[in-house]
Amino acid sequence: MSITLEHLSYVYNPGTAYEKHALKDVSLEIPQGQFVGIIGHTGSGKSTLIQHLNGLMKATSGRLLYEGKNIYEEGYDMKQLRTQVGLVFQYPEYQLFEVDVLSDVCFGPKNQGLSKEECEAQAKEALQLVGFPEKYYHQSPFELSGGQKRRVAIAGILAMHPKVLVLDEPTAGLDPKGRDEILDQVAQLHEKTGMTVVLVSHSMEDVAKYVDRLIVMNQGEKMLDGTPQEVFRHYKELEAVGLAAPQVTYVMHDLKEKGFEVSADAATVEEA
Ligand code: ADP
């Protein structure tokens, strides 16, 4: 149950004046159940990379294996891959359109041919997983807060029972409280279901404290890959590309885990 990228490259508009090498020789493996953060500046290739994970984009060169099978081979079941690897785009709430929350989350399972009862059961389970309050199930999705809309959109993907959940900047446009809530929820979701979660962000601070592994993208290349601790050992390299700020966050988190009280600005650290 893994996703393997072998020397994957992607070029937009090849052979034109707008040619852009968005991914350059990226190799990596994501084992089932891992919580992975993909981090990098805007334009570093994160969105392009994750759209390869469910076959939405096809590499210019290189291979992508899902559960050991080359997805570019003729006859490969792309439809099946897309249900197994659920992709939540940036600002997913723009894709909400049904009259109420429950119908919206039911949309995916309904398309998979499930009965109304089965759809609703899966939708309710998904909404619970993202911590969406039951009292709003019959409300229009458009009347919800930003954070709640995002929960509904994530539930819409979860209701299809994917094995891998890929989230592109799930906190974009939310205030700090909404951001923390969504990230906490995603972390809980990973813990409860054990599913593979790939979380894309341009903010190291957002993801570093949650994930098992960090993949740092820079100008289309995989720059660093390891546990947050391993990645932060390359502090100088991160600093050189303007991605260093998280060190403080990480140290703070580590201290809190060890039972210290750390003030928000990290100015004081006391034994709890
Ligand atoms: P990120 O998600 O890290 O912001 P992207 O994968 O969106 O990065 O973009 C990687 C590079 O590819 C950027 O230089 C971007 O301008 C370029 N790019 C993205 N989408 C297109 C497109 N549809 N056509 C041409 N270039 C694109």
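## Close-up views of the predicted model

**View 1. Pro92 lies in the loop that runs between S6 and H3.** The structure shown here and in the following views is a predicted model. Pro92 counts as buried, because 22 other C-beta atoms are found within 10 Å of its own and the cut-off for burial is 20 or more. Apart from its neighbours within four places in sequence, Pro92 makes contact with Arg150 and Ala153. Arg151 is 59 residues away from Pro92 along the chain, yet the C-alpha atoms of the two are separated by 9.5 Å.

**View 2. Tyr91 is a non-glycine residue with a positive phi.** The phi value of Tyr91 is about 45°. Tyr91 is part of the loop between S6 and H3, where Pro92 is also found. Tyr91 has 15 other C-beta atoms within 10 Å and is therefore classed as partly exposed; that class covers counts between the limit for exposed, 12 or fewer, and the limit for buried, 20 or more.

**View 3. Glu169, in the loop between S7 and helix H6 (176-193), is another site to inspect.** Glu169 is not a glycine, and its phi is positive, near 45°. Inside 10 Å, Glu169 has 20 C-beta neighbours, so this residue counts as buried.

**View 4. Helix H3 (residues 101-111) packs against H5.** The angle between the two helices is about 35°, and their axes are 7 Å apart. The crossing of H3 and H5 is right-handed. On the H3 side, the contact is made by Val101, Asp104, Val105, Phe107 and Gly108; on the H5 side, by Val152, Ala155, Gly156 and Ile157. Sorted by class, the residues of this contact are six nonpolar, two polar and one charged.

**View 5. The buried residues of H3 are covered by elements that include H4 and H5.** Val101, Leu102, Asp104, Val105, Cys106, Gly108 and Pro109 are the buried residues of H3. Helix H4 spans residues 116-129. After H3 comes Gly113, with a positive phi near 90°.

**View 6. Six strands form an open sheet with mixed pairing.** The strand order is S6-S7-S8-S3-S9-S10. Strand S6 (85-88) and strand S10 (221-226) are the edge strands, and each of them pairs on one side only. On average, neighbouring strands of this sheet are turned by 15° against each other, direction ignored. Within the sheet, strand S3 (residues 35-39) and strand S9 (residues 213-218) run parallel and are joined by four bridges. Gly37 has Leu214 of S9 opposite it. Helix H5 (residues 146-158) lies across S6 and strand S7 (164-168), and the helix runs at about 165° to S6.

**View 7. Four strands form an open sheet with antiparallel pairing.** Here the order is S2-S1-S4-S5. S2 and strand S5 (69-70) are at the edges with a single partner strand each, so one side of each has no neighbour in the sheet. Strand S1 (residues 2-12) runs antiparallel to S2, and eight bridges join the two. Tyr12 is positioned opposite Lys20 in S2. H1 packs on this sheet and touches S1, S2 and strand S4 (61-66). The direction of H1 makes about 55° with that of S2.

**View 8. The ligand is surrounded by residues that include Tyr12, Lys20 and Lys46.** The rest of the shell consists of Asn13, Ala22, Gly40, Thr42, Gly43, Ser44, Gly45, Ser47 and Thr48. Strand S2 (20-31) and helix H1 (46-53) each contribute at least two residues to the shell. H1 supplies the largest share, three residues. By class, the shell holds two nonpolar, eight polar and two charged residues. Tyr12 and Lys20, both around the ligand, are also the residues that stand opposite each other in View 7.

Key. Residues numbered from 1 in each chain as written. Predicted model: local features only at pLDDT ≥ 70, side-chain atom pairs only at ≥ 80, totals over all residues. Near = placed C-beta within 6 Å. Nonpolar A, V, L, I, M, F, W, Y, C, P; charged D, E, K, R; others polar. Pairing = 2+ DSSP bridges. Axes fitted to C-alpha atoms, helices over the stretch in contact; angles between N-to-C directions. Contact = placed C-beta atoms within 7 Å. Left-handed = near helix turned anticlockwise from the far one by under 90°.
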